[in-house]
Amino acid sequence: MAVQMKYGVEDVARYVLLASDKANHPASNLRLQKLLYFIDGYYMAMHQGKSDLFREDFLAWTYGPVVRQAYTLFVNNGADKIPENDYTTKVTARFDDSNKRIVFDSSPWEPNMIENNDKLFIDKLVSLLGRYNDSALVDISHDPKGPWKKYYDGYSSSVIPKKEIYEYFRCLLGDKQ
């Protein structure tokens, strides 16, 4: 069974940050990582494992599942809330052959690349999870029956297989699908 992957994690992360701000729950990088985990897990479960929001893997880090690419994108904010300018401006790097140097270009990020039905899904989960603070989201992601617990060994950054995340969230949904 082939799994359809719709977006890159950077675009999903940017939209999650936009949705968080709109819901009056601005996100830190820690919160963003937990939101990505819950959103992607429930998305896979709702689509019976046939569709995934993004292709990048989660790693089992100390404070729960993390997508390295999204974490790295906003790491400069530390534990602070990620400001709007950081997620609405996309910076790309290219090599300028004539000057033999790397050039950074910035452009506005376009949220319209995320389909409307996916925006609604993300908005709903961000709103539902907004009542939990960051440490509560970490605790929820550390469920002893969940995939993070199975792959976190205290030292390395083990990949949490998407199939395991799907199975876990499918069980959480139970007969509610």
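## Salt bridges and the packing of α6

Lys6 has a relative accessibility of 23%, so Lys6 counts as partly exposed, the buried class being reserved for values under 20%. That's a residue of a predicted model, and Lys6 is a handy place to start, since Lys6 pairs with Asp118 in a salt bridge. The model has 9 salt bridges by the rule used here. Here's a look at some of them, followed by helix α6.

**Asp118 and Lys6**
- In this salt bridge, the closest N and O atoms sit 3.0 Å apart.
- Lys6 belongs to strand β1 (residues 4-7) and Asp118 to helix α5, so the pair ties together parts that are 112 residues apart in sequence.
- Buried or exposed: which is Asp118? Asp118 is buried, at just 2% relative accessible area, while its partner Lys6 is partly exposed.

**Asp11 and Lys90**
- Here the side chains of Asp11 and Lys90 meet in a salt bridge, with 3.4 Å from N to O.
- Asp11 comes from helix α1 (residues 9-22) and Lys90 from strand β5 (residues 89-96), so this bridge ties together parts 79 residues apart in sequence.
- Asp11 is buried at 11% relative accessibility, whereas Lys90, with a relative accessible area of 24%, is partly exposed.

**Asp52 and Lys162**
- Asp52 and Lys162 form a salt bridge too, and their closest N and O atoms are 2.9 Å apart.
- This pair links distant parts of the chain, 110 residues apart: Asp52 is in strand β2 (residues 51-54) and Lys162 in helix α8 (residues 162-173).
- Asp52 is buried, with a relative accessible area of 1%.
- Lys162 counts as buried as well, at 13% relative accessibility.

**A shared-partner network**
- Which residues do salt bridges with shared partners join into one network? They are Lys6, Glu115 and Asp118, which brings us back to the Lys6 and Asp118 pair.

**Helix α6**
- Helix α6 covers residues 134-141, and its buried residues are Asp134, Leu137, Val138 and Ser141.
- Why do these four share a side of α6? They span an arc of only 105 degrees around the axis, which puts them on the same side of the helix.
- What do the buried residues of α6 pack against? Their partners are the helices α2 (29-46), α5 (116-129) and α7 (147-151), plus strand β4 (64-66).
- Helix α5 thus turns up in both topics: α5 holds Asp118, the partner of Lys6, and α5 is one of the elements packed against by the buried residues of α6.

Notes: Residues numbered from 1 in each chain as written. Predicted model: local features only at pLDDT ≥ 70, side-chain atom pairs only at ≥ 80, totals over all residues. Heavy atoms only, no water. Buried < 20%, exposed > 50% of the residue type's maximum accessible area, 1.4 Å probe, protein only. Helix = DSSP H or I, 4+ residues; strand = E, 2+ residues; numbered from the N terminus. Arc of directions from axis to C-beta. Contact = heavy atoms within 4.5 Å. Salt bridge = Lys/Arg side-chain N within 4 Å of Asp/Glu carboxyl O.
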